[in-house]
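Hi,

Here is the structure I said I would pass on. Have a look at it first, and my notes on what turned up are underneath.

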Amino acid sequence: MEKRKVGVIGATGMVGQRFLTLLDDHPYFEVTALAASARSAGKPYREAVGSRWKLKTPMPAYAADMIVHDAANIEEMKALCDMVFCAVDMKKEDIRALENAYAQAEIPVVSNNSAHRWTPDVPMVIPEINDSHLAVIEAQRKRLGTKRGFVAVKPNCSIQSYVPALTALLEFEPYEVVATTYQAISGAGKTFNEWPEMIDNVIPFIGGEEEKSEQEPLRVWGEVKNGEIVKKEGITITTQCIRVPVTDGHTAAVFVKFRKKPTKEQILAAWKSFKGKPQDLGLPHAPAQFITYFEEDNRPQAALDRDIYGGMGVTVGRLREDSVYDYKFVGLSHNTLRGAAGGAVLIAELLHKEGYFD
């Protein structure tokens with residue numbers, strides 16, 4: 001099968017670097033274009049990144065000598081690729097304009113950015129949960145005046161530590177959720193070398209994160225109506241988001257009330273059996289088991305469990321009844337794999353299989 005030619009916009013940043021490692025020898029996609037800011041344009045990728053390679057995984061050999069293009073030069077990128085992944089560090093209004101411009105140039109965009117997460121006809125997808133939202137692309141294309149071009153986005157990285165576990169329990173009608181997330185420094189695109197203030201420290205504030213954590217799950221659980229996504233009603237979520245001295249892996253402590261309180265056995269069975277379209281289709285980055293439960297009292301742990309199924313699985317533990325809420329549990333997901341580049345690649349794999357790039 002001939003592979004689709006893909007570009008990575010924002011290729012020099014941490015998430016862009018993740019994209020390049022995940023797309024190395026991918027069965028569906030071949031990276032044929034790298035783009036970043038004008039100051040990196042014209043340089044070999046190795047030179048553009050310099051000492052800022054942030055991953056433990058080495059820079060892929062195929063990318064090292066590729067010439068970086070100016071992300072603003074859309075015609076140049078269009079000649080090189082069929083679709084793009086986008087992970088840029090810009091103002092939201094500038095990101096929206098850039099992604100719309102690519103889409104209107106008939107280049108589909110799968111975005112790691114937050115700028116389009118609340119655009120009514122842009123699907124914000126966790127592929128195992130709300131693949132049905134891809135149907136809204138038809139309405140988006142009508143608005144943009146395109147045949148192929150569109151924008152699809154992934155949600156905030158931290159909500160994937162608890163939203164999958166709650167999604168599996170929606171039949172029991174959760175209506176009140178308290179979640180505190182303990183978020184790794186890579187969520188800010190940082191390493192300890194770049195952020196020594198985080199060593200032996202906890203910062204109880206991450207700008208804008210609590211609003212995302214409380215509202216984005218409701219959009220993920222929403223439905224497509226009249227060409228736009230309408231968020232779910234009847235569930236209230238309140239959160240606190242804390243930065244902790246961990247390299248990778250966002251942990252969530254979750255408390256939940258149900259209208260139809262399940263038994264512990266019912267919850268565990270729901271988590272074990274929960275799967276989605278990626279598992280049914282056998283997509284390359286789909287974890288064989290979406291949600292894994294640990295019986296041990298001291299699991300999941302970021303250092304031990306974030307890399308389960310290549311960092312694409314979600315882990316849960318410490319499920320027990322609560323004296324105020326019905327149940328409480330702890331969830332964990334890898335924030336730059338499942339929560340960022342890996343989640344976007346999984347969306348693209350689904351879009352490919354479903355024919356949205358044709």
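Let me start in a loop: Asn226 sits between β8 (223-225) and β9, where helices (H or I, at least four residues) and strands (E, at least two) are DSSP runs numbered from the N terminus. Asn226 is not a glycine, yet its phi is positive at about 50 degrees. Asn226 counts as exposed because its relative accessibility is 84%; the cut-offs are under 20% relative accessible area for buried, over 50% for exposed and partly exposed in between, with a 1.4 Å probe and protein chains only.

Before going further, the ground rules. This is a predicted model, with local features needing pLDDT of at least 70 and side-chain atom pairs counted only at pLDDT 80 or more, while totals for chains, interfaces and linings use all residues. Residues are numbered from 1 along each chain as its sequence is written, and side-chain values use heavy atoms, leaving out hydrogens and water.

**Backbone oddities**

Most residues other than glycine have a negative phi, and most peptide bonds are trans. Besides Asn226, have a look at Arg318, which is not a glycine but has a positive phi of about 55 degrees. Arg318 is in strand β13, and its relative accessible area of 38% makes it partly exposed. Glu106, which follows α5, also has a positive phi, near 70 degrees. Then there is a cis peptide bond from Arg299 to Pro300, with omega near 5 degrees; Pro300 is in the loop between β12 and α12 (302-305).

**The chain as a whole**

The protein chain has 14 helices and 14 strands. Its C-alpha trace spans about 60 × 50 × 35 Å along the principal axes. For 358 residues, a compact globule would have a radius of gyration near 21 Å, and the 20 Å of this chain agrees with that (the radius is taken over C-alpha atoms, and the globule rule is 2.2 Å times the number of residues to the power 0.38). Buried residues make up 57% of the 358. Taking contacts (heavy atoms within 4.5 Å) with a separation of 6 or more, 77% are between residues 24 or more positions apart. The chain exposes about 14900 Å², of which carbon and sulfur atoms supply 48%; these areas come from the Shrake-Rupley method with a 1.4 Å probe, and for residues only the protein chains shown count as cover.

**Cores**

A nonpolar core here is a set of buried Ala, Val, Leu, Ile, Met, Phe, Trp, Tyr and Cys residues joined through side-chain atoms within 4.5 Å. The largest has 56 residues, and Ile9, Tyr102, Trp221, Trp271 and Phe329 touch the most other members. Leaving aside residues up to four places away in sequence, Trp271 touches Ala165, Ala168, Leu169, Gln289, Ile291, Tyr293, Val316, Leu319 and Phe329. There is also a second, separate core of 45 residues, with Ala36, Trp53, Phe150 and Ala348 among them.

**Strands**

Strand β11 (residues 250-258) has 7 of its 9 residues buried, so the rest of the structure largely encloses it. β11 pairs with β7 in the antiparallel sense over 8 bridges (strands pair if DSSP finds at least two bridges between them), with Val178 opposite Phe255. β11 also pairs with β14 (residues 327-333), again antiparallel, over 7 bridges, and there Thr251 stands opposite Leu332.

Strand β12 (residues 291-294) is covered on both faces, with Ile291 and Tyr293 buried on one side and Thr292 and Phe294 on the other. β12 pairs with β13 (residues 314-321) in the parallel sense over 4 bridges, and Thr292 has Thr315 as its bridge partner.

**Two helices**

The 13 residues of α5 (residues 92-104) should span 18 Å at 1.5 Å a residue, and the end C-alpha atoms are indeed 18 Å apart; the expected span is 1.5 Å times one less than the number of residues. Buried in α5 are Ile95, Leu98, Glu99, Asn100, Tyr102 and Ala103, and their cover includes β1 (4-9), α4, β4, β5 (109-111), α7 (137-144) and β6 (151-153).

For the 12 residues of α9 (residues 209-220), the expected 16 Å agrees with the 16 Å between the end C-alpha atoms. The buried residues of α9 include Glu209, Ser213 and Leu218, and the buried set packs against α6 (127-130), α8 (163-167), β7 (174-183), β9 (228-230) and β10 (236-243).

Cheers
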